[in-house]
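The following exercises concern pockets and the surroundings of a ligand. Please consult the sequence and the model while working through each solution.

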Amino acid sequence: MEHRITKYPLEQGALEIEYIEEFFGEYKRRKTSSEIVGRLQNRDHLILMAMAPLPDDPGTVVPVSYKVAHEIRAEENIPKLARLRDYVNFNDRRILYTWVGGTRRDWRGQGHFRALTEQQEQWAIDNGFDEILVKTKNRFYEMRGTLDHLRFNVVKYEPHTDNQESKVYLSKKLGQEVLDAHRSMRKVVTVGE
Ligand SMILES: CC(C)(COP(=O)(O)OP(=O)(O)OC[C@H]1O[C@@H](n2cnc3c(N)ncnc32)[C@H](O)[C@@H]1OP(=O)(O)O)[C@@H](O)C(=O)NCCC(=O)NCCS
């Protein structure tokens, strides 16, 4: 199966993220488009969505999976990001942080998230990044299982008094071997180009 991927510019992408997150019951608090723009606007970033037809209306294609990443630097003002400094080596290295992502329930298990992940890795390598970092929580079992399949390695476990809320940080070092392991077929459309 060839996955259709759209790469969005910031403002439109932020609205699309706000919209797709309405379909996720997992998130306690969804992000607003202005929050998304605020986080991404002064850093290198990538907003990708996988598109697929609606089952009852195959002529209509909608975003079904998304993945949003941005650069992080050794010096960060946002406390959540500043903490990441301890978990990854920034010495002359570019680090990409996967901020949010997921697949709508009805489209899970069809390889959309793998396709987005592989496209993100391709972009990251093309743009000189050395490592991708991601954070999840103990209670996000599907995401943990998926990151396992996608060959991310745990770099830090951050305990919480409620262990379900404990954070798990994972990373993948980038290189040709990462590209060689890619399996998805992808067609990428860039909005605004
Ligand atoms: C995790 C999630 C993104 C996976 O999306 P998806 O589009 O179904 O994933 P894919 O079909 O591309 O699967 C990618 C790989 O992960 C594996 N995988 C998918 N769901 C899995 C699960 N629940 N448990 C274990 N492995 C899983 C697949 O088998 C596949 O591996 P393979 O390519 O080696 O066969 C999706 O289930 C989701 O959005 N879950 C909720 C998100 C969430 O909890 N977010 C919290 C913030 S971190």
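**Exercise 1.** How do the residues of the lining of the second largest pocket divide into nonpolar, polar and charged?

*Solution.* The model is a predicted one.
Step 1. The second largest pocket has 13 lining residues, and Leu150, Arg151, Lys172, Val178 and Ala181 lie nearest its centre.
Step 2. Two or more of the lining residues come from each of α4, β7 (167-173) and α6 (176-180); α4 gives the most, with three.
Step 3. Sorted by class, this lining holds three nonpolar, two polar and eight charged residues.

**Exercise 2.** Determine which pocket the ligand takes up, and describe its lining.

*Solution.*
Step 1. The ligand occupies the space of the largest pocket, whose volume is about 1300 Å³.
Step 2. The lining of the largest pocket comprises 45 residues; Tyr27, Gly101, Thr136, Phe140 and Met143 are nearest its centre.
Step 3. β4 gives the most to this lining, with seven residues.
Step 4. The lining of the largest pocket divides into 16 nonpolar, 11 polar and 18 charged residues.

**Exercise 3.** Identify the residues around the ligand and their polar contacts with the ligand.

*Solution.*
Step 1. The ligand is surrounded by 20 residues, the closest being Thr103, Gly109, Gly111, Arg114 and His149.
Step 2. α5 supplies the largest share of this shell, five residues.
Step 3. The side chain of Thr103 places an N or O atom 2.7 Å from an oxygen atom of the ligand. For Gly109, a backbone N or O atom is 2.7 Å from a ligand oxygen atom.
Step 4. The protein buries 78% of the 940 Å² that the ligand exposes when taken alone.

Definitions and conventions
Residues numbered from 1 in each chain as written. Predicted model: local features only at pLDDT ≥ 70, side-chain atom pairs only at ≥ 80, totals over all residues. Heavy atoms only, no water. Near = heavy atom within 4 Å. Polar contact = N/O pair within 3.5 Å; in protein donor to acceptor, adjacent residues only side chain to side chain. Areas by Shrake-Rupley, 256 points an atom, 1.4 Å probe, with all protein chains shown as cover. 1 Å grid on protein atoms, 1.4 Å probe; cavity = no way out; pocket = protein on both sides within 12 Å on 5 of 7 lines; lining within 4 Å. Sits in = over half its atoms within 2 Å of the grid points. Helix = DSSP H or I, 4+ residues; strand = E, 2+ residues; numbered from the N terminus. Points joined across faces, edges and corners; volume = space filled by probe spheres on them. Nonpolar A, V, L, I, M, F, W, Y, C, P; charged D, E, K, R; others polar.
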